[in-house]
Amino acid sequence: MNNLVILGIAVGVLFIIFIVIVLIIGKNKIRNILIPLDMSKQDINDYLKEKYKIYKEMVRFIKDNLSIKEEAFADFLKFDTKECLQSELIDMLDKTTYEINEYVDNYDELLKNNDFMELKRKLYNVQVNLEATIDYYNNKISTYNTLKDKGPTNFSTKFFTFDDYSTIKNEKEEISRLINLN
């Protein structure tokens with residue numbers, strides 16, 4: 001009888017140790033995704049701010065060199081990047097891309113101006129890095145969500161709290177149109 005009790009206790013202790021190991025491994029797998037996820041999120045913010053600065057230069061250039069409507073780019077020029085969410089900045093940049101494209105479509109002299117073409121070159125470099133970082137970030141989010149929701153690692157989410165992350169939209173059509181015009 002004593003041997004059965006000792007065996008039962010030993011099996012129970014081994015089961016608890018197994019559960020703790022599974023929980024710790026699952027937690028560490030999920031946390032290992034968070035480091036590159038947070039780093040790429042910061043990189044995205046940096047690229048968005050850089051893109052915003054280039055857009056400011058482009059808008060100034062357009063306003064200084066073309067006869068355009070007074071209210072053109074009003075929302076963009078009033079926009080405060082210090083107090084905005086990342087999604088709001090992305091939406092504002094997307095909207096401004098459409099506006100810039102309208103002027104590029106209607107004023108051929110923009111594409112003949114070396115200063116404007118230099119701004120487009122800078123924008124192209126930033127955009128390529130931004131798109132690659134957003135794609136990387138969105139892939140990591142997918143992996144993170146899979147680890148949280150499926151397999152043995154989802155057992156850890158019942159005991160530990162993990163933040164929710166959402167993908168970042170990455171509209172490429174209008175920006176591609178702008179940076180690829182010659």
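**Figure 1. Close-up of serine 156 and its polar partner, leucine 23.** In this view, a polar atom of the serine 156 side chain sits 2.9 Å from the backbone oxygen of leucine 23. A polar contact is a pair of N or O atoms within 3.5 Å; within protein, one must be able to donate a hydrogen and the other to accept it, and residues adjacent in sequence count only if both atoms are side-chain atoms. The model is predicted, so local features need pLDDT of at least 70 and side-chain atom pairs count only at pLDDT 80 or more, while totals for chains, interfaces and linings use all residues. Residues are numbered from 1 along each chain as its sequence is written, and side-chain values use heavy atoms, with hydrogens and water left out. You will find serine 156 in the loop between helix 4 and helix 5 (helices are DSSP runs of H or I with at least four residues, strands are runs of E with at least two, and both are numbered from the N terminus). Serine 156 counts as buried because its relative accessibility is 0% (buried means under 20% relative accessible area, exposed over 50%, partly exposed in between, with a 1.4 Å probe and protein chains only). Leaving out residues up to four places away in sequence, serine 156 touches Val22, Leu23, Gly26, Lys27 and Phe162; contact means heavy atoms within 4.5 Å.

**Figure 2. Close-up of serine 40 in helix 1.** Here a polar atom of the serine 40 side chain lies 3.0 Å from the backbone oxygen of leucine 37. Serine 40 has 3% relative accessibility and therefore counts as buried. Beyond its neighbours within four places in sequence, serine 40 meets Thr133, Tyr136 and Tyr137.

**Figure 3. Close-up of isoleucine 30 and tyrosine 144.** Isoleucine 30 belongs to helix 1, which covers residues 2-65. Its partner tyrosine 144 is 114 residues away in sequence, yet the two C-alpha atoms are 6.4 Å apart in space. With 0% relative accessibility, isoleucine 30 counts as buried. Not counting residues up to four places away in sequence, isoleucine 30 touches Tyr144, Leu147, Lys148, Thr153, Thr157 and Phe162.

**Figure 4. Close-up of helix 1 packed with helix 3.** Two packed helices are described by the angle between their axes and the distance between the axes. For this pair, the angle is about 30° and the axes are 10 Å apart (axes are lines fitted to C-alpha atoms, for helices over the stretch in contact, and angles run from 0 to 180 degrees between N-to-C directions). Helix 1 and helix 3 are therefore roughly parallel to each other; angles under 35 degrees count as roughly parallel, over 145 as roughly antiparallel, 65 to 115 as roughly perpendicular and the rest as oblique. Residues making the contact include Leu48, Tyr52 and Tyr55 of helix 1 and Leu89, Leu93 and Ile100 of helix 3.

**Figure 5. Close-up of the largest nonpolar core.** This core has 44 residues, and Tyr55, Ile62 and Ile100 have the most contacts inside it. A nonpolar core is a set of buried Ala, Val, Leu, Ile, Met, Phe, Trp, Tyr and Cys residues joined through side-chain atoms within 4.5 Å. Helix 1 gives the most to this core, with 13 residues. Look around tyrosine 55 to find contacts with, among others, Phe76, Leu123, Ile175 and Leu178.
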